[in-house]
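Open the structure in your viewer and keep the selection tool ready. The stops below say what to select next and what is there.

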Amino acid sequence: MLTVDEIRKDFPILSRKINGKQYAYLDNTTTTHKPLSVIKTMTDFLKKENSSVNRGVYYLSQKATARCEETREKVQRFINAKREEEVVFTKGTTEAINLVATSFGSTLKKGDEVIITEMEHHANIVPWQQVCLSQGAIFKVIPFSDSGMLDQEAFDRLLSHKTKIVAITHCSNVLGTINSIKKMVEKAHKYGAKVLIDGAQAIQHLPIDVQDLDCDFYCFSGHKLYGPTGIGILYGKYELLSMMPPYQTGGDMIDIVTFEKTTFKETPYKFEAGTSAIVEIIGLGATIDYLENIGYETITLLEVPLLEYAMSELKQIEGISIYGSAAKRAGIISFNIDGVHAHDAGTIFDDEGVALRVGHHCAQPIMTHFGIPATIRASIGFYNTKEEIDKFIIGVKKIKEFFK
Ligand code: 7TS
């Protein structure tokens, strides 16, 4: 098994000093750093092979096209999709969800129902809310308990033959809860409803098998998976993607265009209008190679003890409120320090050389649930160390002392 010291050598930014201080990067939920192999693959492509895709008959363009398709195959294998055509390149999770909400959502009729959960990121709330408004569909929400668990009985009550789609996060970006997706997909399918999983926070912690989950759509972003920004994936079952109308139109996604009529390519190309994020797609391919080499077992073995250590240290400090205590969770810790505004705490953490996020984390309904404006959130990646957790805990103690 690779050690954390070996892994850290792949991430030069982790040893960068800012204001003379070694930084502890605990904001992996917002974005992750990229290993050298990904950076090198992207710069090598720009230096030696840069070209557009699906256009030229010349060597470089054909090579770029082949490399992008190679990434599609890698993603297919990585998430165990049945076919390559089920893998659509998007800008990120947000665009993937918008694609489904707009395209699949256009089939919703007045009185149809859409179910989401109270713990969604805005990216998995707003597109559904807007499509319900435009289609006259009804928007319903599964609540969660104070421990950060979805109310499965409420879900049972909300489900009916009117439910057309259920959109759920696999892992909450605030509470860290890993939801029982497979069970929820099974329940929804009994009513003929489709299920979209927002995998933005799950895929960097857990191996994903879309056939085993049997979800209809699965979305994630490259940049939260130790890969580039500007590239994300929409997985969709072939039968569904085939019947869905295009999301955006223009170049690349068409078959024949006349002024009277346009015909479109098949999935996935009909969903990929315009020039693709070629460098980022190739970078995502290198990211998957890198992660497959490390392996999810190693990722779990590195992350879980850090999460347990951070939680047990934090719980020993008086006057700390932690939000979310699900048994199955990822390394995401949201909390507040009594009497201290999260933003003030964030500034002091920064002075102490601890990078973390404070705010509502694009999940305002979670803040409303707890009656708070914001939380402090520390989030762990496989390259973090026990020393960095210690630094974080010292930071919490200093902030408490400062505001006493
Ligand atoms: N869904 C979840 C669960 C997320 O955590 C995020 C981003 C998104 C969707 C959107 O991803 P994007 O790549 O399209 O932007 N979450 C966060 C966060 O927690 N802090 O910053 C971004």
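**Stop 1: two loops**

Begin with Asp 214, which sits in the loop between helix H8 (210-213) and strand E9 (217-221). This is a predicted model. Look at the backbone of Asp 214: phi is near 65 degrees, a positive value in a residue other than glycine. Is Asp 214 buried, partly exposed or exposed? With a relative accessibility of 33%, Asp 214 counts as partly exposed.

Next select Asp 252, in the loop between helix H9 (238-243) and strand E11 (254-257). Asp 252 is not a glycine either, yet its phi is positive, at about 75 degrees. Asp 252 has a relative accessible area of 13% and is therefore buried, the limit for buried being under 20%.

**Stop 2: the open sheet**

Now show the strands as a cartoon and find E4, E10, E9, E8, E7, E5 and E6. In that order these seven strands form an open sheet, and the pairing is mixed. Strand E4 (87-90) and strand E6 (138-142) are at the edges; each has a single partner strand, so one side of each has no neighbour in the sheet. Direction ignored, neighbouring strands of this sheet are turned by 20 degrees against each other on average.

Strands of a sheet pair through backbone hydrogen bonds, either parallel or antiparallel. Start at the E4 edge. Strand E10 (residues 232-236) runs antiparallel to E4, and four bridges join the two. To see one residue pair, select Val 87 together with Tyr 235, its bridge partner in E10.

Then go to the other edge. How many bridges join E5 to E6? There are five, and E5 and E6 run parallel. Here the pair to select is Thr 117 and Ile 142, the latter being the bridge partner in E6.

**Stop 3: strand E5 and the helix across it**

Stay with E5, where five of its five residues are buried. Colour the two faces separately. On one side are Glu 113, Ile 115 and Thr 117, and on the other are Val 114 and Ile 116; both faces are covered.

Add helix H5 (residues 126-135) to the view. Helix H5 lies across strand E5 (113-117), E6, strand E7 (163-169) and strand E8 (194-198). Relative to E6, helix H5 runs at about 150 degrees.

**Stop 4: the end of helix H3 and a cavity**

Select Gln 76, a residue of helix H3. At 17% relative accessibility, Gln 76 counts as buried. Leaving out residues up to four places away in sequence, Gln 76 touches Ala 81, Lys 82, Arg 83, Glu 84 and Val 87. Val 87 is the residue paired with Tyr 235 at the previous sheet stop.

Rolling a probe the size of a water molecule over the atoms shows where empty space is left. A search of the whole structure finds one cavity of 30 Å³ or more. The largest cavity holds about 50 Å³ of space. To locate it, select the lining: Val 53, Asn 54, Cys 68, Glu 69, Arg 72, Phe 89, Glu 272, Ser 276 and Ile 281. Which helix gives the most to this lining? Helix H3 (residues 59-78) does, with three residues. By character, the lining has four nonpolar, two polar and three charged residues.

**Stop 5: two prolines**

Select Thr 267 and Pro 268, which are joined by a cis peptide bond with omega at about 5 degrees. Pro 268 belongs to the loop between strand E12 (262-264) and helix H10 (278-294).

Move on to Pro 305, which is in helix H11 (residues 296-315). Pro 305 counts as partly exposed, at 45% relative accessibility. Draw a distance from its C-alpha atom to that of Glu 280: the two residues are 25 residues apart along the chain, and the atoms are separated by 32 Å.

**Stop 6: Asn 28**

Finish at Asn 28, in the loop between strand E3 (24-25) and helix H2 (36-49). Asn 28 is buried, with a relative accessible area of 3%. What does Asn 28 touch, not counting residues up to four places away in sequence? The contacts are Gln 204, Ser 379, Ile 380, Gly 381, Tyr 383 and Asn 384. As a last distance, the C-alpha atoms of Asn 28 and Tyr 309 are separated by 17 Å, with their places 281 residues apart along the chain.

Technical notes:
Residues numbered from 1 in each chain as written. Predicted model: local features only at pLDDT ≥ 70, side-chain atom pairs only at ≥ 80, totals over all residues. Heavy atoms only, no water. Pairing = 2+ DSSP bridges. Axes fitted to C-alpha atoms, helices over the stretch in contact; angles between N-to-C directions. Contact = heavy atoms within 4.5 Å. 1 Å grid on protein atoms, 1.4 Å probe; cavity = no way out; pocket = protein on both sides within 12 Å on 5 of 7 lines; lining within 4 Å. Points joined across faces, edges and corners; volume = space filled by probe spheres on them. Nonpolar A, V, L, I, M, F, W, Y, C, P; charged D, E, K, R; others polar. Buried < 20%, exposed > 50% of the residue type's maximum accessible area, 1.4 Å probe, protein only.
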